Each structure stands twice: as C-alpha cells, then as structure tokens.
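Biologist: I want the reasoning behind each label. Show me the model, then defend your terms.

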There are 2 protein chains.
Amino acid sequence: MSLVLRNVSLNGSVVDISIEGNRFSAIAPHLGGSFDEEFDAKGMLAFPPFYNCHTHVPMVLLRGYADDLELFPWLNEHIWPAEAKLAPEDIYVGTRLACLEMLKSGTVFFNDSYFMSEEIISAAEGMGLRACIGPTWIHFGDAEKCAATAAEHARIRAACQHGEYSSRILVAEAPHAIYTVPEADLREIAERSAHDNSLVHIHLAETETEVNDCQKAHGGLTPVEYIKECGLLNERARLAHAVWLTPHDIELIKESGAVLITNPTSNLKLCSGMFHFKEIDEAGIPFTLGTDGCASNNAHSMFTEMKFAALSAKTQAKDSTAAPAERVFRLATYDGAQAFFPEAGEIASGKLADLMLVNPDQPYFVADYNPISNLVYAGESSCVDTLLCDGRFLMKHREVEGEDEIIEQARRTCNKFRK
Amino acid sequence: MSLVLRNVSLNGSVVDISIEGNRFSAIAPHLGGSFDEEFDAKGMLAFPPFYNCHTHVPMVLLRGYADDLELFPWLNEHIWPAEAKLAPEDIYVGTRLACLEMLKSGTVFFNDSYFMSEEIISAAEGMGLRACIGPTWIHFGDAEKCAATAAEHARIRAACQHGEYSSRILVAEAPHAIYTVPEADLREIAERSAHDNSLVHIHLAETETEVNDCQKAHGGLTPVEYIKECGLLNERARLAHAVWLTPHDIELIKESGAVLITNPTSNLKLCSGMFHFKEIDEAGIPFTLGTDGCASNNAHSMFTEMKFAALSAKTQAKDSTAAPAERVFRLATYDGAQAFFPEAGEIASGKLADLMLVNPDQPYFVADYNPISNLVYAGESSCVDTLLCDGRFLMKHREVEGEDEIIEQARRTCNKFRK
C-alpha cells in the first residue's frame, strides 16, 4: 500500500510526503510516480502527532462522576465502588470512547495501566492506535487478586510473544505503586522485565505523603532509592508523576536511563505538587507527557496538557523562560515516541508514518508568526484535521470511522453508573 | 422581534424559551402563540454564556509574536515596538478577530482596556457583543500622551452620554496601573468616575514587585491602601489580577464593594503568582474571570481559563475541594455579568437574553453525569453550537457571519509585524 500527501506545509516549506506500508518513504517538493492513494493537504501544516504517555483510558466512563473531593472519600465512596461494577464489555466500550477522544485531538499512542487489559488491547487494535498496555498490579498483597492479575498478564505476554498483536502494541509490566504492591512482587516484576526486556510503568513519588511513608517503611529510602533496591530502576522504567525528588534521586535516575512521565493537570487537580520541569530538563533526564486518567483531568487532550505543562513549569521554577513552546511541543510528540516507539515521532524518510495535519483556518491560529506557539498556548482539538498512524488514516477531515456509534454505546454504558 | 427556542435542555428539563426584543420573555415545557423566528434546539443544553472580564483584545494580532521571555526584554524588545506600529484600522481588524474567537468559544462580553478605543467599540458593535471599554492611561506622566488619551476618553464618554452607542456598550475609566499613572491623574479619574458613576478598570497588585515598589514610593501603603487614598477603592472599581493582597487589603476591598478579576493563565505564564481563590471567596468578596490579552495567554477561550482557575485555586490552597466546577462555571458566567451587566447572566424571564447552546455530541462530553464538570474540566470551544447576545443570534450552528473575511483580513494585517 502506497500513499502520497500532496502540498503539505512542513517546517515552512510546501512538500509532498510519500508513505510505503507503515513508513515515510520520501519527502520532496514534488514526488512523481504512481501511488495507491493521493491526498491533497493544501493549506495544512504537518507535525508529528501526540504520544500520551500515562493514562487509564477506561476511566473515561467516570468522567465527571466525582470531582473536587478529598483523595480518600473520592476513592472509597465514588471511584472504587464504581470501578467494581465495570465488566469486560464496559472496558472495551470505554477504551473505544477514549481512543475516539484521543484521535480527535491528535493523539496516536497511549501508555496505559488498568484492569481487563485484553479488552483495552482489542479496542486499540480496532481503532488503529499504538499502545503500551500493562494490567495494573494493585492488590495490596491479596493472593487471589494477585493471581488473577498474574494470569491476565501471562496471557497478554504470551499473546504478544506469539505475534498475536500488531506491531503497534507493546505489553508492559504495570505495578501500580510502591505502596500498593508488596516488595516481593516488585522484585519478581523486575526479574521478568529483565528477562523479557519489557517496560515497567509505575506511579512514583507522586505525593509528599508517598515519600514520607516510604521513608518510614523502608529505613529512610526514598521511593526512587527503594525501587533501585527492588531492581526496578533502569532504562526500562517509565516513572509516572515523579513530582517529589531529592537531588540524590535525580542523580540515580540520570545514571539509570529511566524515563519520567509528567502529568501536570492531574498533579494540579489532586494538589500533588508541581513537577520540576526545568531542573529535570537541565539534568538531562528524558521525560514525556501524559494526561493521566479521566477521573483526575478530566480529558485526554494533549493540547490542554501542553499548556498546563508549560505554565506549571514556569510557575514552579519562578521563571517565565522555562519550558518554552518548542520544548513542550517536542515533549508531547518526539520525546513521547522515543520512550515507547523510538522509530516514530519524526516526519522523516524511513521513520514510522505517524503524522497530524493541522488546519490553521481557526481564529485561535491567527496571528501565525509561530505555529508551534499557537499549538501549545492557543491550540484546541478542532485544529487537527487529519491523523495518520503507522501509515494508515485514523481520521480524515475530522471524521473517525464509527464515531456516532462509539458515543452512543458509551452513553448506554454510563447509565449503569448513574447515582 | 420575537423568537422561540424549542426543545432546549435547561437544568435537566426540556423547555421552550421565548425572547421578546432583547429579553427572555417566557420559559415553559411548551410555548404556544406565534413568533417571528423559531429555532429547534433539540438535544442542545442551554447555559448562560461567558463574560470575559479582563482583556486587551487588539493584542490578538501579537499572538505568538514573542513568548517565553523575561518581562522587560519581552516588553522593550518585542511588544512595545510592535504596538508602536498599530494603526486604527489594525485595531479594528484585530478586535474583529478577537470577537470571532470569543464568539466561537461562547463569550458574549469583554471588558477591555487598550488604545484607539473607538475602533474597538465599532468592531464590538458590528459583531454584536457586549463590551466595557476604557482607553488605557499609560503615559508615565508624558503630558502629550496624557492629553491624547484624555481627548480620546472625552470623545467616547460624550458619545456614550449622547446615546450614540447601543445599550451593549459601557464606557469605563482605565488607568493602566499605579506605577504607570501619576497620583494626580488617579485622583482626577476617581472624581470623574464618581461624577459619571462609571466603572474604573485597573491592573492592581499583580506582582510582588508592584507591592514592594508601591510600599517604597508611598510610605508603606500597599497598592490597595494607595488606591483607597486616591479615592479609587469603591463599588465602581474593577481590579484585575489582585494576586498579592494582605489581610488588611482583603478587609478594605470587602468594605468597599470593589470587584476583583482573576486571570489565572496570565498569572502562571508570567510567573506573577496564584490568586487566592478560596480565601477571597470565603471572605465574600465578589470576583470574576478574564483571559487577559493574547500576548500573555495566548487565547481568549474561557474554557481553558475555567480549568486553569479551578486547578490553580486547588494548588494555591493545597485543597482539592477548592474551586469546585459549579463555582468556577458561575464565576465565568453569572458573576461576570453581575459586575458589568447585572441584568444578564441568567436564563430567566425578564433577564437580558444572553445564552449559549452546547452540543453534547462530543467525545469529551461523554460520560455525562455532570455537564458543568464537563464544561469546566473537559470542555472546548467546539461544543458551543449557537450563541445569543441581547436577543440576537451571533453564532448559529458554529457559523459566524463574515468569519472567513475576518481571518483573511487579520492575516494580511499581521504581515506588517513579521520579523
């Protein structure tokens, strides 16, 4: 299958971009030859699309279900009782809705941890996105739950190893956090990750309480020092939040090659604190951007997330030059891809063909001195006209296949959670 | 002129809403009788629209012109030289673009201070929005500039008093700030405001530096204490930013009846600090919400502004229950109207007919347990389908009259600022 995008505006030049299979094959002012499909992108600006690096996508079914509460009443009285009602078909329906929301806002990838991960994989496969999926280990030592998660994980791990999934799916280990998974399990996960060479996605150093509790429970070790002890601090680690780090933690992370994932909206909404964007960036530690789940955001828009990332970085560092637009846009695109699909995230010959076309005919896109600044500081989903992932159109002129049905099914599913 | 909106979803009930002239005339499950115009709003949710209470709308022409800089290089090397090139026709074109952006995101009112205010009024009149307009006094004591601003202000004040503007336009006094307008001028403005019963729109206590400088220059008085001395602290005062307030300032403001205007995005982007939302609200002080100008935001979307208001309030107070969605939505709608057009801001018989219709068929509007939470935490401009101001449609099914031409003209105007 070959495709050519004609008359695309890319970095200020108008070019044709061709795609063979799932990779960009050529970029030039005019490409001759014949292609299976031609797409006229006149007037559109091409950019790498967004990679959303920390989600719990089925929680989209709980958007607006309970907001503005203290953490424990929120979890105990609202979120956990609702989650207990989720059936596999709900997870599938919810994931499809979240995928639709992500596609409509320019996102082609999500890194997720939740329950019933086979349904999440199935929905992502069907909608055409890339995903990194790990079943959440969150059993507080309950042997039965632990065994169920282990069995689920073993199934998707085997399916992945047997080539039952497309190349767009990665299977990861996803221990929820150091305070919900016993040490023996963390050590076992570390060993399996080393054996499989699989990524480990964990919430870490999200709140000050987590750090204090960890130091009490583990002889003064910080969460970063503790996971190092467990064998989890290495280049396979994907550490979500990482708000509360000591200078020693920062050194250890840097030596390890681990990647951090910042979630500015969630951190502000839950009052977790502000990620030290400028300091981490100056330390040369790789990090990426994610929206977190819909219960603590409540959206999957990487546009809003970029704006919150830039503004919270400036306020945290008391420096209006921190986290400039170009840096934040790279964070949401190229840097996210590097941490999961390093051959994606760039529009260049030979790279995986992920791309978004932006329609600048929006009032918020004028003035147009700096399109990247407009995307970060004024952008909304509605400027994303067309989206390609792995060489395939997932949205054309804002239409996604089956979108009305996806919304309708999700609405019906939500009825079972109404209070 | 009479109008009926049929099958509107209002606070969970489906009703008809009728409008006679510029006011709501009846709301009931079914309205009989004949109307000049019928509009079927089946499936749409009705809400009061947004009132943007602090703007410098022509700065939309400088969106993305210079970002991520320190305050003084930003002003001296970029913003002020560019502003020096602005001609009256540019102000008109820029204001029309900003009005388009505001309409597309559900806003029917803006409270503005800038230069060449006759052009701003003319554009707002033509586009059908409400506006409160004051020419900015920012002359650092320069007698010539001061005289020009005085003449401009005298002209629009007279035009307003002679009924040359529609009832949608208010003329205000707009001294820029205490550090750019000499004390004698502030006192004169206070007297004229008392005489005219006109509002006074001023930036106040925006930065810590402003407070420190004020205390040095004025014998230890804070900005709030100082404007009280100048006769400006009263129920006509509209105080933008108000980030840095002492307990005594809060008492004085409360006694005075002055209204504050918070601008959370601008405060974060320029590292000014965070407005004490929860504390001010608990003190019972009225306040409203604004986007500020496009050079420090860079958008006029009240959706993003609501989300930043809620999240920065929570983080500032270290309390995830602060600034709940319902409170923030009221801030952006009803509270804004109360401060400028107290007969607007509510969908009720007899009130000024300002209204937005929201189309919930968006992925980010499902789940739909709480539409207000969705508007505040997940909403984007694209859900605003239709907008009425003063009984007149300003947008129907997302179409605004002349929008392509407005964007095209603004693009041409921007060419003169390109570096």
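Modeller: Start with a cut-off: a salt bridge needs a side-chain nitrogen of Lys or Arg within 4 Å of a carboxyl oxygen of Asp or Glu. Keep in mind that this is a predicted model.

Biologist: How do you know that Glu152(A) has no salt bridge?

Modeller: The nearest side chain of opposite charge is Arg155(A), 5.1 Å away. The limit is 4 Å, so Glu152(A) has no salt bridge, although it is buried.

Biologist: What makes a polar contact with the side chain of Glu152(A)?

Modeller: The side chain of Ser117(A) does, at 2.6 Å. The cut-off is 3.5 Å, so the pair counts as a polar contact. Glu152(A) itself lies in helix α4 of chain A, residues 143–161. Among the residues it touches beyond four places in sequence are Phe115(A), Met116(A) and Pro135(A).

Biologist: Why is helix α13 of chain B called largely enclosed?

Modeller: Buried means under 20% relative accessible area. In this helix, residues 371–378, 7 of the 8 residues are buried, so the rest of the structure largely encloses it. Leu375(B) and Tyr377(B) are among the buried ones. The cover includes α9 of chain A, as well as α11 and α12 of chain B.

Biologist: What makes β11(A) and β12 of chain A a pair?

Modeller: Pairing takes at least two bridges. Here 5 bridges join the strands, which run parallel, so they pair. One of the bridge partners is Arg238(A) in β12(A), matched with His201(A).

Biologist: Which are the edge strands of the open sheet β11-β12-β13-β14 (chain A)?

Modeller: β11 and β14 of chain A, as each pairs on one side only.

Conventions: Residues numbered from 1 in each chain as written. Chains lettered and ligands numbered in written order. Predicted model: local features only at pLDDT ≥ 70, side-chain atom pairs only at ≥ 80, totals over all residues. Heavy atoms only, no water. Helix = DSSP H or I, 4+ residues; strand = E, 2+ residues; numbered from the N terminus. Buried < 20%, exposed > 50% of the residue type's maximum accessible area, 1.4 Å probe, protein only. Lys, Arg positive; Asp, Glu negative; His and termini not counted. Polar contact = N/O pair within 3.5 Å; in protein donor to acceptor, adjacent residues only side chain to side chain. Contact = heavy atoms within 4.5 Å.
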